[in-house]
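Have the sequence and the model open side by side, and let us walk through them together. We will begin with a pair of helices, move on to the sheet, and finish with some buried residues.

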Amino acid sequence: MSALEFLSALGSVGDLTALAAQESGDRQGITNSHIHLPPNFSAFDSVQEAVDLAASEKVVAVGCGNYYDYSVYLDLVTRAQAAGIFPLFGTEIITLDRDMQAQGIRANDPGNPGKVYICGKGITQFIELSDTAKALLGRIRSADTQRMKIMTEKMAAAFAAKGIDTGLTDGKIIARVAKRHQSDPDTIVLQERHLCQAFQEVLFERVPEPERLDQLTAVLGVTPKSAADHAVGLQNEIRTHLMKAGKPCFVPEDFISLTEAAELIHALGGMVCYPILADGANPACEFEADVDQLIATLKAQNIHMVEFIPLRNQAEVLSDMVPKLRQAGLVVVAGTEHNTLDKIAIEPSCVGGVSIPTDLQDIFWEGTCVIAAHQYLASQGRCGFVDSEGQPNPSYASAAERIAAFKKLGAAVIRAYSSKN
C-alpha cells in the first residue's frame with residue numbers, strides 16, 4: 001500500500017467539494033501540526049506509542065515533520081487509520097541565510113544568527129522522489145552524515161582523554177538507534193541528540209553512579225547541574241558543554257539556503273511554513289521582533305503559513321501575534337515537536353501547561369484543515385493551496401477567500417476520513 005492511497009479512498013475531488021459546500025468548518029477536535037517520529041530523535045520509541053498517546057487524548061489530526069527520510073510515514077498511515085487519526089505529512093529543514101549571519105540577525109534559532117528552521121507542510125511527493133528532491137536531500141544527508149562522523153570522533157576522544165573509552169563511532173550509534181526503534185539503518189540521519197544519548201548511555205553503563213558526576217566534570221570542564229541518575233539532564237549537559245559553537249567537539253554545519261529549502265519543499269509537493277519562536281527567546285530574535293515587519297518579510301519570501309510550538313510561548317503573546325498573522329492572510333498552525341525525551345501531551349498548550357485560548361484553537365484548526373485539503377488535492381494531481389512553484393492557488397481572488405475555501409474542504413476531508421475509520 002502507498003502512504004497516499006487512503007486519500008484517494010476518501011472519494012473524488014467532486015465528491016469532497018460537494019461535502020465541503022455543506023461543511024460548517026467548525027472545529028472537530030484536537031490537532032497537532034508537528035511531531036517527530038523515530039528514527040528521528042523523538043519522545044516516542046515507536047510510531048505506535050505516538051498514535052496511542054494521540055488516541056488517548058482524542059486527537060483528530062496529527063502532523064509529522066521528520067528530517068530527511070520519510071519511510072516511517074507508511075507506518076504512520078497504517079497505525080493512524082486504525083486509530084481514526086488523520087495523518088499530515090511534512091518535513092523540517094535547517095537552512096542558512098548568509099546575509100543575516102553577516103549582520104548578526106537571528107531568526108528562529110536564538111544562538112545562531114542566520115540559521116533558519118523551515119518546515120514543509122502537506123508534502124505528497126515523498127514516495128517517488130523527483131530528481132530535484134533527490135539531489136537536495138542527498139546534499140543535506142551527505143553533509144549531516146559527515147558532520148556527525150567527525151563530531152562523534154571528537155566526542156569519543158574527549159571522553160577517552162579522561163579515561164572513559166566509549167568505543168562509539170557514528171556507525172555504532174546508528175546501530176543503537178536502529179535497535180531501539182526497530183528501524184532500517186539506511187533511514188537514519190543522526191542528530192546531535194542521538195550522539196548525546198549514546199554517550200550518556202555508555203557513561204551510565206561504564207561508570208558507577210557515585211563516580212559519574214566527577215568523571216563527567218572532567219570531560220566537560222564544568223560541574224554538571226543535573227543529578228547523576230538524570231539521563232535527559234546529562235544528555236543536555238553533554239550537548240551544551242561539548243557540542244555547541246565554541247565548545248571542544250563543535251563541527252560547523254553546512255546548510256542549504258532558504259531558497260533551496262523552498263525548492264525542496266515544492267519538489268516534495270508541500271507548502272513552505274516558517275516556525276515562529278516569538279517569546280521562546282528572550283530577548284526576541286531580531287527577525288521576529290516586529291510582527292508587522294515579520295509579516296511583510298514572509299510575504300516577500302512567498303511564505304504563506306507559519307507555525308507555533310506554544311509550549312515555548314505565553315498565552316498573552318500568542319493572543320497578540322496569532323490574530324495579526326491571520327488577519328494578514330497567513331495560515332497559522334500549532335504543534336509540539338516532541339523532539340526531546342520529555343513525555344508531554346500531544347495536545348499543544350502554552351508555557352506552564354496553560355490552555356490555548358479558544359479563539360486561537362479555532363485558528364489552528366483552520367490551519368490544519370488547509371494542510372489536509374492541500375494534501376488531498378495535491379495527491380489527486382490538482383493544484384493545492386499553492387501550486388508546484390509555491391504560488392498561491394490562482395482560483396481565488398484573495399488570501400481570505402482561499403483560506404476559507406480550504407478550511408471547508410479540509411474539514412470535509414477530515415470528516416470523511418473519520419467516518420471511514
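At what angle do helix 12 and helix 13 pack, and how far apart are their axes? Helix 12 (residues 291–300) packs against helix 13 (residues 315–327) at about 35°, and the axes lie 10 Å apart. Before going further, note that this is a predicted model, in which local features need pLDDT of at least 70 and side-chain atom pairs count only at pLDDT 80 or more, while totals for chains, interfaces and linings use all residues. Residues are numbered from 1 along each chain as its sequence is written, and side-chain values use heavy atoms, with hydrogens and water left out.

A few terms will help. Helices (H or I, at least four residues) and strands (E, at least two) are DSSP runs, numbered from the N terminus. Axes are lines fitted to C-alpha atoms, for helices over the stretch in contact, and angles run from 0 to 180 degrees between N-to-C directions.

Back to our pair: the crossing of helix 12 and helix 13 is right-handed (the near helix is turned clockwise from the far one by less than a right angle). Val291, Leu294 and Ile295 on the helix 12 side meet Met321, Lys324 and Leu325 of helix 13 (contact means heavy atoms within 4.5 Å). By class, this contact has 5 nonpolar residues, 1 charged and no polar ones, where Ala, Val, Leu, Ile, Met, Phe, Trp, Tyr, Cys and Pro count as nonpolar, Asp, Glu, Lys and Arg as charged, and the others, Gly among them, as polar.

Helix 13 has 13 residues and reaches 18 Å from its first C-alpha to its last, close to the 18 Å expected (1.5 Å times one less than its number of residues). Its buried residues (under 20% relative accessible area, with a 1.4 Å probe and protein chains only) are Ala315, Leu318, Met321, Val322, Pro323, Leu325 and Arg326. Their cover includes strand 5, helix 12, strand 6, strand 7, helix 14 (358–379) and helix 15 (399–420). Just after helix 13, Gly329 takes a positive phi of about 90°.

Now for the sheet. It is an open one of 7 strands in the order 1-2-3-4-5-6-7, with mixed pairing (two strands pair if DSSP finds at least two bridges between them). Strand 1 (30–35) and strand 7 (331–334) are the edge strands, each pairing on one side only. From one strand to the next, the twist averages 30°.

Where does strand 5 fit in? Strand 5 (residues 271–276) pairs with strand 6 (residues 305–308) in the parallel sense over 4 bridges. Tyr274 stands opposite Val306, and Ile276 opposite Phe308. Strand 4 (residues 115–121) runs antiparallel to strand 5, joined to it by 3 bridges, and Cys119 has Cys273 as its bridge partner. In a regular strand the side chains alternate between the two faces of the sheet. In strand 5, Met271, Cys273 and Pro275 point one way and Val272, Tyr274 and Ile276 the other, and all are buried.

Last, look at helix 8 and find Glu192 there. Is Glu192 buried or exposed? Glu192 is buried, with a relative accessible area of 11%. Leaving aside neighbours within four places in sequence, Glu192 is in contact with Arg147, Met148, Met151, Arg239, Met243 and Glu253. Among these partners, Arg239 and Met243 are themselves buried residues of helix 10.

Technical notes
Buried means under 20% relative accessible area, exposed over 50%, partly exposed in between (1.4 Å probe, protein chains only).
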